[in-house]
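Q: Got a minute to go through this fold with me? I'd like to start with the helix packing and then move on to the sheets and cores.

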Amino acid sequence: MGRINILDKHVAELIAAGEVVERPSSVIKELVENSIDAGATAITVEIKNGGVTFMRVADNGCGILREDIRPAFVRHATSKVRLEDDLDAIATLGFRGEALASVSSVSHLELITKAREEAVGTRYLIDGGEEISLTDVGCPDGTTFIIRDLFYNVPARMKFLKTDMAEGNAVSNVIDKIALSHPEIAFTYIRDQKQALRTSGDGKLLSAIYAVYGREFANSLIPVDYTLGGIRVSGYISRPENARPNRNMQNFFINNRYVISRTAMAAISEACKGSVMVGKFPSCVLNIEMSYNAVDVNVHPTKLEVRFVNERPVFDAVYHAVKTALMNGEQRIEASFSKPKPAVRVNPFELAQKVFRERDEEQKSAPQKPLKKQPLHDDADELLRLLDEPSPAEKKPAGDAVTLADPDPVSERYKAHIASKDPETPKITETPKITEAPAEAVRAEAPDETEKPDEPVSSCEPAPLIETDDNAYRYIGEAFRTYIIIEKNPRELLLIDKHAAHERIIYEKLKREKGSGYSQLLLTPVTVTLNKLDYNAVLSEPEVFTQAGFEIDDFGSGTIIVRAAPQYLPLEDIESSVIEMAGYLSEHKKEIRSEKMDWIYHNVSCRAAIKGGNTSTDEELIALAKQVEDEDVRHCPHGRPVCIIIKKHELERQFGRV
């Protein structure tokens with residue numbers, strides 16, 4: 001008996017289905033791409049229980065002729081490729097003719113379709129690859145696929161499916177990418193009887209981005225439109241200040257097909273050098289339009305990766321497109337955020353002078369009368385109040401030298417006139433010039449009576465002692481706003497890196513308390529937009545964030561809301577910290593919990609610790625140094641030393657004393 005067996009049709013189809021249908025999102029992708037190839041302008045996708053029990057894809061495309069329905073479910077049956085030469089310039093999303101045969105072999109499938117040239121529609125039922133019925137039905141132009149009980153006849157595949165939420169988020173991720181690649185199509189996505197996405201289909205990419213990622217993300221983008229060597233790059237890229245800690249929000253499309261392109265990633269990274277902080281990556285939605293025969297899309301089973309005939313032109317086009325967009329974006333920012341003209345501040349002295357000039361002009365035009373018979377101006381009381389108020393220059397803080405111009409003669413005459421009316425009012429003859437800080441002038445005029453002039457006053461105070469469990473160290477100060485200087489004993493100096501020390505202390509506290517007691521509620525919750533894969537990773541392991549000191553809730557549509565965060569974590573770092581943690585969880589799903597938590601604690605402690613270069617008070621530095629000695633902290637979580645010791649004899653040798 002021979003050893004080679006010819007598989008029957010059913011077994012061969014089940015094996016082939018595994019290459020195309022991996023999970024519900026694979027089915028949705030194949031069916032939606034078929035709808036796009038059919039010329040649809042409106043597509044509705046509905047799933048239940050993550051797509052495992054129910055999926056529906058309906059479109060208003062050209063439909064399927066009744067005579068083509070049965071052949072459409074045969075393997076390698078397609079209307080998009082005829083000859084070998086057609087593979088050199090594939091312009092459609094689907095072309096292999098495997099989708100319908102694979103999906104129908106592992107599910108209960110129902111097809112309702114009507115071509116525009118036909119008077120009546122057709123309903124076709126097929127279960128596990130076996131035809132059940134083909135009947136007439138009334139329906140609009142277009143095609144509707146309904147898939148129930150995916151993998152009902154392949155339990156080995158069923159047990160590898162993830163939770164309904166994870167599978168549903170995978171479907172959402174596929175819909176997001178397709179909606180961004182075809183803004184001219186109106187997509188409606190319904191998940192468990194709730195509308196999760198709806199795009200307008202107005203052909204504007206920004207409208208699709210707004211619908212998929214929300215207003216905040218859409219408002220952070222710069223338009224991109226550049227053509228080089230026959231390759232056009234269009235779309236949007238985020239501003240440098242809105243860069244994220246990973247590349248998960250970088251979306252690339254080749255001729256409106258979503259792909260993962262390392263060439264485009266490298267080009268963006270190179271273009272953003274000098275504009276984006278190291279370790280940060282801009283988000284983008286870029287479509288690269290090029291000749292179909294210059295790219296091969298048939299190199300990956302899911303068509304996510306492509307191969308270029310020549311990568312250099314693609315790299316150059318993306319690089320120059322992004323570089324130009326960033327330069328134009330910076331110019332727009334400068335124009336839109338230009339400094340407004342300073343508000344005009346009224347100087348009471350100038351106001352008084354203006355009033356009296358007007359009065360003098362009136363007096364010149366009127367008959368001359370003795371000054372003593374002239375009644376006071378009706379606003380004299382108000383003018384006196386303005387004159388008694390300190391000028392804006394006099395309101396400057398101590399330390400700012402101020403020099404006043406000579407008083408106006410009109411103002412002097414008015415002051416003298418008012419003084420003559422009130423004998424108790426001292427006569428003002430001259431306004432002194434102030435050439436030093438007001439506070440210093442006051443101290444010079446009114447010295448402290450308790451101070452003895454014969455004894456010099458010393459401004460040097462004895463350095464505070466740091467009492468630890470074993471020793472008393474002397475605090476000297478801080479160097480470069482980063483290193484704490486401690487005199488450990490008469491023979492040693494201790495230099496402590498305040499960031500590394502604080503980072504290690506926070507890290508140990510998080511590990512010890514697992515986030516309890518280290519979290520604080522936010523006055524204003526922070527919303528974080530994620531792609532669907534990162535979003536699923538966050539919702540799948542919320543306890544990881546809880547143990548790190550975060551309190552998060554699902555805000556829907558790829559957005560989470562942070563209601564509490566670890567203490568000392570700056571508000572502006574909360575979003576980027578959550579994004580970085582979500583990306584790590586998404587990429588390291590198979591790591592054990594202890595390794596994940598260790599990385600999370602590293603991330604949080606690094607962001608929450610005092611930064612080198614920040615201003616710290618002596619009390620803060622003394623407390624930190626005491627904690628370093630009490631807890632015997634020697635290395636930060638990254639392995640860098642927390643403190644170093646400088647011997648006295650080393651200094652003496654440098655100064656030539658020994």
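**Helix packing, sheets and cores**

A: Sure. Keep in mind that this is a predicted model. A good place to begin is the list of buried residues in α16: Lys532, Asp534, Tyr535, Asn536, Ala537, Val538 and Leu539.

Q: How many of the nine residues of α16 is that?
A: Seven of the nine are buried, and the helix is mostly covered.

Q: What do those buried residues pack against?
A: Helices α6 (164–181), α7 (205–213), α17 (542–547) and α18, plus strands β21 (551–556) and β22 (559–566).

Q: Take α18. At what angle do the axes of α16 and α18 cross?
A: Roughly 90°. The axes of α16 (residues 532–540) and α18 (residues 571–587) come within 8 Å. That crossing makes α16 roughly perpendicular to α18, because angles of 65 to 115 degrees count that way.

Q: Which residues meet there?
A: From α16, Leu533, Asp534, Ala537 and Val538. From α18, Ala582, Gly583, Leu585 and Ser586. The residues of this contact divide into five nonpolar, two polar and one charged.

Q: Now β22. Is β22 mostly covered or mostly open?
A: Mostly covered, with seven of its eight residues buried.

Q: Which strands pair with β22?
A: Strand β20 (residues 519–529) is joined to β22 by seven bridges, and the two run antiparallel. Serine 519 has proline 566 in β22 as its bridge partner. β21 also pairs with β22 in the antiparallel sense, over five bridges. There, glutamate 551 is matched with alanine 564 in β22.

Q: What links β21 and β22?
A: They form a hairpin with two residues between them. Serine 557 sits in the turn and has a positive phi of about 55°.

Q: Switching topic. What is the strand order in the five-stranded sheet?
A: β9-β10-β13-β11-β12. The sheet is open, with mixed pairing.

Q: Which strands are at the edges?
A: β9 (221–228) and β12 (257–259), each pairing on one side only. Neighbouring strands of this sheet are turned by 20° against each other on average, direction ignored.

Q: And how does β9 pair with β10?
A: In the antiparallel sense, over eight bridges with β10 (residues 231–238). Valine 224 stands opposite glycine 235 in β10.

Q: Which strands does α6 touch in that sheet?
A: β11 (250–254), β12 and β13 (284–289). The direction of α6 makes about 55° with that of β11.

Q: What about α7, which strands does it lie across?
A: β9, β10, β11 and β13. α7 runs at about 40° to β10.

Q: Last topic, the cores. Which residues touch the most other members in the largest nonpolar core?
A: Ile28, Val32, Ile43, Phe73 and Ile209, out of 54 residues. α6 gives the most to this core, with six residues.

Q: What does isoleucine 43 touch?
A: Leaving out residues up to four places away in sequence, isoleucine 43 touches Val32, Ser35, Ile36, Val57, Ala58, Asp59, Ile185, Ala186, Phe187 and Thr188.

Q: And which residues are in the second core?
A: Tyr507, Ile574, Leu585 and Ala609 are among them. That core is separate and has 33 residues. Leu585 also came up earlier, as one of the α18 residues that α16 meets.

Definitions and conventions. Residues numbered from 1 in each chain as written. Predicted model: local features only at pLDDT ≥ 70, side-chain atom pairs only at ≥ 80, totals over all residues. Heavy atoms only, no water. Axes fitted to C-alpha atoms, helices over the stretch in contact; angles between N-to-C directions. Helix = DSSP H or I, 4+ residues; strand = E, 2+ residues; numbered from the N terminus. Parallel < 35°, antiparallel > 145°, perpendicular 65-115°, else oblique. Contact = heavy atoms within 4.5 Å. Nonpolar A, V, L, I, M, F, W, Y, C, P; charged D, E, K, R; others polar. Buried < 20%, exposed > 50% of the residue type's maximum accessible area, 1.4 Å probe, protein only. Pairing = 2+ DSSP bridges. Core = buried A, V, L, I, M, F, W, Y, C linked by side-chain atoms within 4.5 Å.
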